[in-house]
Amino acid sequence: MTPIYERRGGAVTVRSARPEDAKAIRAIRNHAIEHSTALWTTTQQSPAEAEAWLAAHLERGSAFAAEVEGEVAGFAVYGPWRELDGYRHTVEDSVYVRDGRHGLGIGSALLAALIAGAREAGHHVVIADIEAGNTASIRLHERFGFQHVGTVQEVGTKFGRRLDLTIMRLPLS
């Protein structure tokens, strides 16, 4: 792909992720696990787990990487929202930006590519399950037309506190 955004941090190029991106994507995920409530786990992903996780997304064609100045600065994936076959046309998105690279348009570029990819793959709805206090992610999804479906209170825990889950949806057709 050609650069999508030109910002103060350089051009953002979004492309399909590749197996060799696993290490950089794992570092971004593990940073989010350790420092944020974006992922509701405290278990870091091992190199083998990261490779297997990414391989499943690569097989589906549902993984994207953003590069800035030759570095993987973020990634986005979509995968099944629920495992039962009745949900097969609904996917859930995940968008993560490397620490220190926020505010450069990387998340927007990734979400645009992810939505286009899900639409092209024939999916009907994208769901975003977002920790309710993550206003930056909620605003990002709103800018792309995601609608607030509801908030489920106190369904998760991390860092010794209970977390609410905001659910958003984007119809693709």
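Arg15, Arg18, Glu20, Asp21 and Glu67 are linked in a network of salt bridges, a salt bridge being a side-chain nitrogen of Lys or Arg within 4 Å of a carboxyl oxygen of Asp or Glu. This is a predicted model, in which local features need pLDDT of at least 70 and side-chain atom pairs count only at pLDDT 80 or more, while totals for chains, interfaces and linings use all residues. Residues are numbered from 1 along each chain as its sequence is written, and side-chain values use heavy atoms, with hydrogens and water left out.

The structure holds seven salt bridges, including the three in this table.

| Pair | Closest N to O distance |
|---|---|
| Glu67 and Arg15 | 2.8 Å |
| Glu69 and Arg101 | 3.6 Å |
| Glu71 and Arg98 | 3.7 Å |

The salt bridge between Glu67 and Arg15 links distant parts of the chain, with Glu67 in strand 3 (residues 63-68) and Arg15 in strand 2 (residues 10-16), 52 residues apart; helices (H or I, at least four residues) and strands (E, at least two) are DSSP runs, numbered from the N terminus. Glu67 is partly exposed at 22% relative accessibility, whereas Arg15 is buried at 10%, where buried means under 20% relative accessible area, exposed over 50% and partly exposed in between (1.4 Å probe, protein chains only).

In the salt bridge of Glu69 with Arg101, Glu69 lies in the loop between strand 3 and strand 4 (71-80), and Arg101 in the loop between strand 5 (90-97) and helix 3 (106-120), 32 residues apart. Glu69 is exposed at 63% relative accessibility, while Arg101 is buried at 16%.
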